[in-house]
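Got the viewer open? Let's take a walk through this structure, one selection at a time.

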Amino acid sequence: MCSMVKISYVICFIALNLWTFTRGELFTAISEVEPLLETHRKIIDDLDDYINKEEKRLSILKRHLIKYRNEHEKAMDDIPNYLGNPINAFTLIKRLTTDLDLIEKNIVAGTAYIKNITVLNNHSDVKYPTLEDLVGAAQALTRLQDTYHLDVKDLSEGRLNGVIYSTSMSASDCFELGKALYNEKDYSNALAWMMEALRKYSEDDEERTFTEVDILEYISFSHYLLDDVKKAMLWTRKLLELEPDHARARGNLPHYKKALDEKEANLKRRLRGDTGDVDIDEYIDDDNTAKKPVELSTYEKERKSYEALCRGELEISSENSKNLTCRYLTENHPFLKLAPIKMEYKYLNPDIVLFHDVLSDSEIEHIKELAKPRFKRATVHDSKTGKLVPAHYRISKSGWLKDEESPIIARVSRRVADFTGLNMMSAEELQVVNYGIGGHYEPHFDFARKQENVFKETNGNRIATVLFYMSDVAQGGATVFTELGLSVFPVKGAAVFWLNLHPSGEGDLATRHAACPVLRGSKWVCNKWIHQGGQELIKPCGLEYQAESVIRALPRPLLKTFR
């Protein structure tokens, strides 16, 4: 170790002396000084290059700052409406994930500056979204796109149903959205957003972490994964025009050619001898292929009905609607004679009733504030285990409130008893729910089916549901009953009520319902699920037994005669 130190010292000593000697000799002749001008020019060039890069770096940071500041000011003007726009919500999460990473790379102090400065200043309330949040927001946008038949170009321009509500998305926004969907194997929607990223690529001059070639690669391979080999080849060739030496693209072309040849050969074998000469291109091109109508599955039929109901395109039959009425509820409790409740029949047999003005604004705010600290990802009962688990078909957060925690919560439960006429002894706690970006709950029953391992240790099945609307929703967010063709749109302060069970205690399949995705706005609800325990004298079992399996097998018109 000592010898190494000595060697290093000697080398440094020699280098220092040589430098001193050389420096000392330069002034002795002009010819020796002249080369210094070249050194001088080199320093000028290097310094100029450095300053240009610094100016560019600062310019990029300033553009980010302006964008962040402008969007923040828009948000603070009207937070609920701003965050209630799914495009704003997605781009906000993107700015705090992938965009922030780009900013960090442009800051000399590195990543420690942005994310650790909050720690240095003891800002413990600062939160950062994750890439999982970005993926969730991307999936929410496509859910809205599919449910409400939204055009990708309109969405990218900040337009919802013909009205511009937000700043248009950049090429980077569209690329990150497409990339997130691609990684989730949603190739069809990924392709649509990559095409939009390509369209916008030349329209803005923002700094990017990707190139046009990257977009083309996603487009071509998405086509291949969607079994459109011809278009995959077309877009790969466009990519190679920009970057002829692109290794993956050059390797993919022979693979695509082989796949296309095999497809043509298989088609020839199927057609040979039956139809004579065939124009193979006509059959290979997916756009021109005559496809037989595909019979929709039960799920697909319900899905189609569900989405149409969410868009408000279906109406209940005139036979049912002509008998619907509104009135004041004065029975069930003596107090209702002094303060009757407005009730509106939305459907008859089974009865779906909307009670108006049953929650005040102050009660709503109190319930929200109590519930927020307890919010967790909403769960559903696992039919096999009976345990509560998160599910992709229910996107929201919820918290539970007990009557004894607040006089207001207890008052809400008493009010439910008053307008339903049911006993709250076996009712579940008040569940408070806030739906996230594109938040929804796909078609389901509130009651437990026979084969489900749920409510075995409670006071019977869920006999009734009371769903309070704690906010108006600008667009979307309806409660829809897929078997009835009924859509109930949120009305702040109102509550929708229905019975889940037949008098026999069997589940009423007509009560299958769903919460539609929130297109714009924020949806708050709370609900009480009331069980059979304590209702024996209020809602006694009927003498006629209606088996769930029998009811399901009957045609729709006959089914109603049992109710």
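Start with a cartoon view of the whole chain: there are 22 helices and 19 strands in it. Both are DSSP runs, numbered from the N terminus, with helices being H or I runs of at least four residues and strands being E runs of at least two. Before you click further, note that this is a predicted model, where local features need pLDDT of at least 70, side-chain atom pairs count only at pLDDT 80 or more, and totals for chains, interfaces and linings use all residues. Residues are numbered from 1 along each chain as its sequence is written, and side-chain values use heavy atoms, with hydrogens and water left out.

Now colour by accessibility. Of the 563 residues of the chain, 44% count as buried. Here buried means under 20% relative accessible area, exposed means over 50%, and partly exposed is in between, using a 1.4 Å probe and protein chains only. As for contacts (heavy atoms within 4.5 Å), take those between residues at least 6 apart in sequence: 71% of them join residues at least 24 apart.

**Stop 1: the disulfide**

Which cysteines does the disulfide join? Select Cys310 and Cys516: their sulfurs are 2.0 Å apart and form a disulfide. A search of the whole structure turns up 1 such link, a disulfide being a pair of cysteine sulfur atoms within 2.5 Å. The angle about the S-S bond is -85°, and the link between Cys310 and Cys516 is left-handed. Cys310 belongs to helix H16 (residues 298-310) while Cys516 sits in the loop between E17 and strand E18 (518-520), so the bond ties together parts that are 206 residues apart in sequence. Both Cys310 and Cys516 are buried.

While you have cysteines selected, try two others. Cys326 is exposed, with a relative accessible area of 60%, whereas Cys526 is buried at 0% relative accessibility.

**Stop 2: Tyr148**

Next, select Tyr148, in the loop between helix H8 (131-147) and helix H9 (152-156). Is Tyr148 buried or exposed? Tyr148 is buried, with a relative accessible area of 9%. Show what surrounds it: leaving out residues up to four places away in sequence, Tyr148 touches Cys310, Arg311, Gly476, Gly477, Cys516, Pro517 and Leu519. That list includes both cysteines from the previous stop, Cys310 and Cys516. Measure C-alpha to C-alpha and you get 10.0 Å between Tyr148 and Cys516, which are 368 residues apart in sequence.

**Stop 3: an open sheet**

Switch back to cartoon and pick out the strands E11, E17, E14 and E15: in that order, these 4 strands form an open sheet with antiparallel pairing. Strands E11 (441-444) and E15 (486-488) stand at the edges with a single partner strand each, so one side of each has no neighbour in the sheet. From one strand to the next, the twist averages 15°, where axes are lines fitted to C-alpha atoms (for helices, over the stretch in contact) and angles run from 0 to 180 degrees between N-to-C directions.

Zoom in on E11 and strand E17 (residues 513-515), which pair in the antiparallel sense over 2 bridges. Two strands count as paired if DSSP finds at least two bridges between them. One partnership to look for is His444 with His513 in E17.

**Stop 4: aromatic rings**

Show the aromatic side chains: the structure holds 14 aromatic pairs. Rings of Phe, Tyr and Trp (its six-membered ring) pair if their centres lie within 6.5 Å, with planes under 30 degrees apart counting as stacked, over 60 as edge-to-face and the rest as tilted. Phe419 and Phe468 are an edge-to-face pair, 6.4 Å centre to centre with 75° between the planes. Phe419 is in helix H20 (residues 407-420) and Phe468 in strand E12 (residues 462-469), 49 residues apart. Phe419 is buried at 2%, and Phe468 is buried at 0%.

Phe445 and Phe447 make a tilted pair, 4.9 Å centre to centre and 35° between the planes. For a ring cluster, select Phe175, Tyr182, Tyr187, Tyr201, Phe210 and Tyr218, which are linked by ring pairs.

**Stop 5: charges over rings**

Finish at Trp235, where the charged end of Lys238 sits over the ring, 4.0 Å from its centre. A charge sits over a ring if NZ of Lys or CZ of Arg is within 6 Å of the ring centre and within 35 degrees of the ring normal. Arg462 likewise lies over the face of Trp529, at 3.6 Å from the ring centre.
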